[in-house]
Amino acid sequence: MNARLFIRRCSYLAASLFGINRRQADLDEEVQFHIEMRAHDLRNSGMSKDEASREALKLFGGIEKFKEHSRDAWGTRMVTDSIRDVRHSIRSLYKSKGFSLTVLLTLGLGLGGNATVASILSAVLGPPPYSEPNRVVEIFNNYPGAGIGRSSSNIPLYLDYRANVVALDFVALTNRIAVNITTDASAVRGHGLLATADYFRVFGIQPILGQFFEETHCIQGNDKVIVLTESFWRTHYASDPSIVGRAIVVDSVPLTVLGVAPKLAEWHHGDLDFFRAWAWSAQREQFEKTVYYGRDNNYANLWARLKSSSSIREAKAQIDYLESLFLDKSTQQTKDWRALHQHESIVETLQQSKIAQFGDSLHLLQGGLFLVLLIGCVNVGNLQLSRGLKRLPEIKTRVVLGASRWVLVRWLLIDSIVLSLGGFFCGLLLAWSGIHWVNKLVLDDMLPTVGWIGIDQGAIRLVLVLSILVALCIGAFALSILLGGNLDLGVGQNTTKISQSKMMKRLRSGLVSFQLAMTTILLLVAALLLQSFYRALNEDTGLNTEKVVVASVTLPRQIYRESEKIANLRVRLTESLHQTPGVESVAFASYLPSLSAHAIGPARVPAFEELNGEDFSNVNYNTVSRDYFEVLGIRVLEGNTFRLADLRGEGRGVVVDKEFANRYFPNNDALGKQICANSSRLLPLKKRSTIIGVVETVKHNGLDSVGSDSKTKNGSMPLVYLPLSPQSRDRELNVLVRGDLTRNDLVSEVRGHIQSLNSQLAIFRNSSLEQLLKASVNDRRAFMLLIAILGGMALLLSLVGIYGVLSFEIRQRKHEIGIRLAVGGSTKQMLGDILKQSLLQAGIGLALGVLAAWFLGGRLADLLFKVSPNDPAVYFITLSSLLLVLLSASLVPALRVTRIQPIEALKID
């Protein structure tokens with residue numbers, strides 16, 4: 001067929017379809033005209049009016065058959081018949097409202113849930129929205145031997161790779177900072193990035209206003225410039241274009257605004273407010289190049305853009321070569337340290353980095369949604385089978401009247417497609433609602449760096465494809481079962497007998513068992529994760545958080561450059577708070593337990609080295625004031641806390657936790673032993689400190705941290721407490737206050753005292769410690785919420801499935817039940833038989849689900865906290881509860897047996 005003929009036929013078909021109603025009316029009028037003319041002739045020959053009309057119809061023949069032949073001549077019969085089947089399907093679904101609503105809800109839950117999670121996966125794991133995103137890579141250190149992964153980078157590595165890795169076009173170094181920004185209204189806490197000049201070139205970002213900083217701005221003295229993010233500019237400066245060239249005060253230092261970065265620049269940072277040019281002195285550069293462990297001092301992120309002709313493998317090979325050159329020139333101690341901790345350099349695309357951060361949790365959600373969709377499809381298939389069996393008389397009538405195989409196939413498939421398209425639109429509605437609530441309730445906790453999520457176009461296509469697949473599966477299912485390849489199936493047969501055949505019974509029971517197996521898997525996974533979350537939430541932290549509030553501030557470097565000013569602020573704040581009635585004690589710390597990552601640094605224990613030959617290992621450090629242990633209720637197990645000489649910087653005493661003591665001094669003789677401890681890897685491990693006290697181990701690395709095994713995912717390193725002396729220059733000021741005031745009053749008091757000392761200090765993390773600890777597991781809470789919803793959806797669908805099948809069974813067995821009751825059978829026997837059947841289906845499904853969950857359990861180990869993937873108690877409680885719920889759902893249709901009257905049941909054919 002040539003193109004011109006094809007176009008002509010398509011045009012004719014379109015014209016025929018658009019004028020189908022007019023042509024149909026003309027055809028009806030023509031048929032009626034011929035019949036009336038023949039009746040008129042017959043009346044003229046002497047027949048009565050009624051006799052003439054009847055004879056005219058008889059002589060004309062089948063009116064509908066004549067119309068069908070006429071429509072065949074138009075070439076639109078297939079289309080018109082399909083439209084008629086669609087209308088018929090919609091009418092029949094409207095009449096069966098209960099069935100239609102059940103199927104639409106079932107499909108909508110499965111399809112809508114998959115669209116929701118697919119949109120989240122696309123936002124988190126999809127390609128970054130940058131130019132040529134596969135060329136944007138992150139380079140970081142990895143220390144698997146110490147259980148430390150993704151340890152960022154530093155200045156020496158940045159300088160070396162920028163100068164010598166030819167596979168890279170641009171290289172940039174960034175460091176996240178928190179500052180006080182003085183706006184026209186008040187002081188606010190701002191989050192920003194110190195960045196080298198090529199940062200924006202790495203990501204291919206162009207300013208929406210002004211310009212970005214250049215190499216000349218990354219020199220000390222020229223670095224008093226800043227680039228605002230679009231969100232901060234619109235929120236605090238009302239999108240004022242005149243902001244470019246103006247100065248804003250950051251940590252009491254005026255910085256000139258060079259430009260405004262687009263929303264794109266915030267994509268993988270989330271709450272970013274500004275970018276500042278990063279400049280360092282020649283002395284610092286030289287110091288970090290030559291100091292011990294300078295190349296392993298990880299405090300910054302290293303980004304790069306690959307050349308178009310280069311690959312990640314080439315870049316990795318060149319970086320490994322540079323590291324080998326470094327080791328050749330290094331001391332034996334550096335070589336031993338890197339060998340012990342199995343140092344390696346990692347090069348990953350930005351997308352790989354995001355997948356590593358969120359992939360496990362979100363892919364588990366996607367797997368759960370797939371199970372829900374599978375359960376829904378099985379449920380719909382079972383409902384369609386039951387509906388199809390009730391429609392056998394209609395099918396038989398169509399067969400007797402001469403319906404061809406194609407007519408029946410088209411009719412059943414169109415019926416399935418209409419049903420699935422309804423599920424598609426319900427799914428889109430539920431997906432839109434689900435995305436809305438994810439953005440509103442879950443996003444900030446679970447996915448803080450993603451930004452606002454919308455329904456992804458790929459997710460819409462996914463839902464549409466799934467809808468079509470469901471339609472085809474349901475249609476093929478109905479065809480294979482109801483027709484069985486024989487169009488005469490059921491002609492002259494009893495519908496009830498067909499529905500009660502062994503094949504039909506086994507098929508329906510098998511489908512119920514299958515969906516119960518899928519539900520069991522999902523509920524067991526949800527129960528394990530919920531139990532893990534419960535244990536993490538109720539884990540003994542070793543802290544007494546009652547009546548403790550926390551407030552944190554970042555001290556401006558320009559004002560608090562000298563350690564004396566920082567120490568004076570702490571003294572004044574302590575005296576001011578102690579004058580408040582109800583305040584019991586005040587403490588300061590560099591890091592808050594379970595809320596902020598602690599400093600990781602090397603430690604040497606001479607006594608341990610002599611026995612084990614181990615050089616040194618990494619531990620956590622926290623610098624705290626004397627009352628820190630009292631405020632948090634941390635028990636002192638041995639010795640004492642810091643002495644006055646230690647707090648003045650004159651002594652060399654340190655306090656260690658029980659984890660440290662057990663690891664390095666298993667004979668409980670840690671007191672008085674000496675260690676070499678520094679919280680910074682840049683400082684040599686020469687000065688020795690004496691352990692003056694051992695305190696109880698607390699959850700300092702998060703509520704879900706376990707033990708000291710650095711190889712575990714949630715491993716918690718031993719902790720060393722250093723005294724907060726007047727020489728400390730830590731500008732992150734964490735204030736902890738214990739008092740008898742009500743929680744809100746105490747929070748307000750602490751805030752008021754800080755602002756009275758310096759109104760330009762932006763206070764953050766101002767709340768009770770209990771609230772902050774609960775908020776620290778918000779990511780787990782959001783994840784558990786989604787998993788629990790999936791489990792509830794699966795359970796609901798399974799209950800609908802088992803209820804529908806049992807109800808159908810009872811309706812089909814009414815005649816049999818009536819006979820058994822008439823010959824002396826009791827309702828208890830009938831009830832027992834039905835419950836026995838339900839228990840058999842549930843037992844098979846539960847057994848298959850448990851077996852599958854048992855084999856899948858190992859994949860959950862990394863997501864669980866102090867819960868075995870095959871925990872017997874969780875399995876027993878979950879399965880018992882599920883069985884009770886299923887039996888409850890089975891009782892409702894089973895009790896109908898007691899209301900069956902034998903006389904009425906015997907009338908059923």
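Strand 12 (residues 583-589) pairs with strand 20 in the antiparallel sense over six bridges. This is a predicted model. The briefing covers the pairing and burial of strand 20, the packing of helix 7 against helix 11, and two loop residues, Ser152 and Asp251, with positive phi.

**Strand 20 and its partners**

- Strand 20 spans residues 732-739, and seven of its eight residues are buried, so the strand is largely enclosed by the rest of the structure.
- In the pairing of strand 12 with strand 20, Ala587 lies opposite Leu736 of strand 20.
- Strand 11 (residues 548-554) also runs antiparallel to strand 20, and seven bridges join the two.
- Within strand 20, Val735 is the residue that stands opposite Ala551.
- As general background, side chains in a regular strand alternate between the two faces of the sheet.

**Helix 7 against helix 11**

- A pair of packed helices is described by the angle between the axes and by the distance between them.
- For helix 7 (residues 155-164) and helix 11 (residues 312-329), the axes come within 11 Å and cross at roughly 125 degrees.
- Angles of 65 to 115 degrees count as roughly perpendicular and those over 145 as roughly antiparallel; helix 7 and helix 11 are therefore oblique to each other.
- The crossing of helix 7 and helix 11 is right-handed.
- On the helix 7 side, the contact involves Leu157, Asp160, Tyr161 and Asn164, which meet Ile319, Leu322 and Glu323 of helix 11.
- By class, this contact between helix 7 and helix 11 comprises four nonpolar, one polar and two charged residues.

**Loop residues with positive phi**

- Most residues other than glycine have a negative phi.
- Ser152, which is not a glycine, has a positive phi near 55 degrees.
- Ser152 belongs to the loop between strand 1 (136-142) and helix 7.
- The relative accessible area of Ser152 is 13%, and residues under 20% count as buried, so Ser152 is buried.
- Asp251 likewise is not a glycine and has a positive phi, of about 50 degrees.
- The loop that holds Asp251 lies between strand 6 (247-250) and strand 7 (253-261).
- Asp251 counts as buried because its relative accessibility is 11%, against a cut-off of under 20%.

Definitions and conventions:
Residues are numbered from 1 along each chain as its sequence is written. This is a predicted model: local features need pLDDT of at least 70, side-chain atom pairs count only at pLDDT 80 or more; totals for chains, interfaces and linings use all residues. Side-chain values use heavy atoms; hydrogens and water are left out. Buried means under 20% relative accessible area, exposed over 50%, partly exposed in between (1.4 Å probe, protein chains only). Helices (H or I, at least four residues) and strands (E, at least two) are DSSP runs, numbered from the N terminus. Two strands pair if DSSP finds at least two bridges between them. Axes are lines fitted to C-alpha atoms, for helices over the stretch in contact, and angles run from 0 to 180 degrees between N-to-C directions. Angles under 35 degrees count as roughly parallel, over 145 as roughly antiparallel, 65 to 115 as roughly perpendicular and the rest as oblique. A crossing is left-handed if the near helix is turned anticlockwise from the far one by less than a right angle, and right-handed if clockwise. Contact means heavy atoms within 4.5 Å. Ala, Val, Leu, Ile, Met, Phe, Trp, Tyr, Cys and Pro count as nonpolar, Asp, Glu, Lys and Arg as charged, and the others, Gly among them, as polar.
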